[in-house]
Amino acid sequence: MPSTSASSDLPAPAGAPAEAGLLDALQHQVAVFARRAEQTRLGGVGQARNSMDRAAYLLLNRLDLEGPMGVKALAGGMGIDSSTVTRQVAPLVDSGLVKRASHPEDGRAVVLALSPRGLARLEEVRSSRRELMARVTDGWDEAERESFTALLTRFNVSLSELMSAASETGPDAGADPASAAGPAS
């Protein structure tokens, strides 16, 4: 795909191997993407634009895709701690987007579930965000969209795995990606 921005054509520093220049360009584009995503919150278009924060969207989406679950399972699946999930879920429960229910196998435990109102709201936001993605990738063919989605998914999974390994082994674990990946299989 041709570049649409001069900033993506950053030259490698003098004397740096070509791979270093490519990695520099990649980290620059990730930083630009993060800034743009934060500026727009990638919140969609129309009335639903920016109407749901990222944390709420991710929580509702996970409950929709995986069904009712406890706070601990929700936190584990999202890679965040239980206290953060509890804090983020509270306003969703208060607004009726998420409901608390007894665990079907252990009546003492509580599970969180997407309410019908929450599902309707999630669908509204998804539709708005889908339209934004269609506009951003207008002019891309289906293969380009599929390729970008696959690579971005792979990037996110790799980043998540690296961060998870770093948190399990200490702050220096993320410094060397080869050591964070564990033994070769």
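Trainee: Which residues are buried in H5?
Mentor: This is a predicted model: local features need pLDDT of at least 70, side-chain atom pairs count only at pLDDT 80 or more, and totals for chains, interfaces and linings use all residues. Residues are numbered from 1 along each chain as its sequence is written, and side-chain values use heavy atoms, leaving out hydrogens and water. Buried means under 20% relative accessible area, exposed over 50%, partly exposed in between (1.4 Å probe, protein chains only). In H5, the buried residues are Gly-118, Leu-122, Val-125, Arg-126, Ser-128, Arg-129 and Leu-132.

Trainee: How wide an arc do they cover around the axis?
Mentor: Take the directions from the helix axis to the C-beta atoms; the arc is theirs. These residues lie on the same side of H5 because their arc is only 170°.

Trainee: Which exposed residues does the face of H5 turned away from its buried side carry?
Mentor: Look opposite the buried side. That face carries Pro-116, Arg-130 and Arg-135.

Trainee: What do the buried residues of H5 pack against?
Mentor: Helices (H or I, at least four residues) and strands (E, at least two) are DSSP runs, numbered from the N terminus. Contact means heavy atoms within 4.5 Å. The buried residues of H5 pack against H2 and S2.

Trainee: What does H5 reach from its first C-alpha to its last?
Mentor: H5 has 21 residues. The expected span is 1.5 Å times one less than the number of residues. That gives an expected 30 Å, and H5 comes close to it, reaching 30 Å.

Trainee: Why does Leu-119 count as buried, partly exposed or exposed?
Mentor: Leu-119 lies in helix H5. Its relative accessibility is 34%, so Leu-119 counts as partly exposed.

Trainee: Which residues does Leu-119 touch, not counting those up to four places away in sequence?
Mentor: Set those sequence neighbours aside. Leu-119 then touches Asp-64 and Leu-114.

Trainee: Which element supplies the largest share of the largest nonpolar core?
Mentor: A nonpolar core is a set of buried Ala, Val, Leu, Ile, Met, Phe, Trp, Tyr and Cys residues joined through side-chain atoms within 4.5 Å. The largest one has 19 residues, and Leu-60, Leu-63, Leu-74, Val-89, Leu-92 and Val-98 touch the most other members. Helices H2, H3, H4 and H5 and strand S2 each supply at least two residues. The largest share, five residues, comes from H2.

Trainee: Which residues is Val-89 in contact with, leaving aside neighbours within four places in sequence?
Mentor: Val-89 belongs to that core. Its contacts are Leu-59, Leu-74, Val-98 and Leu-112.
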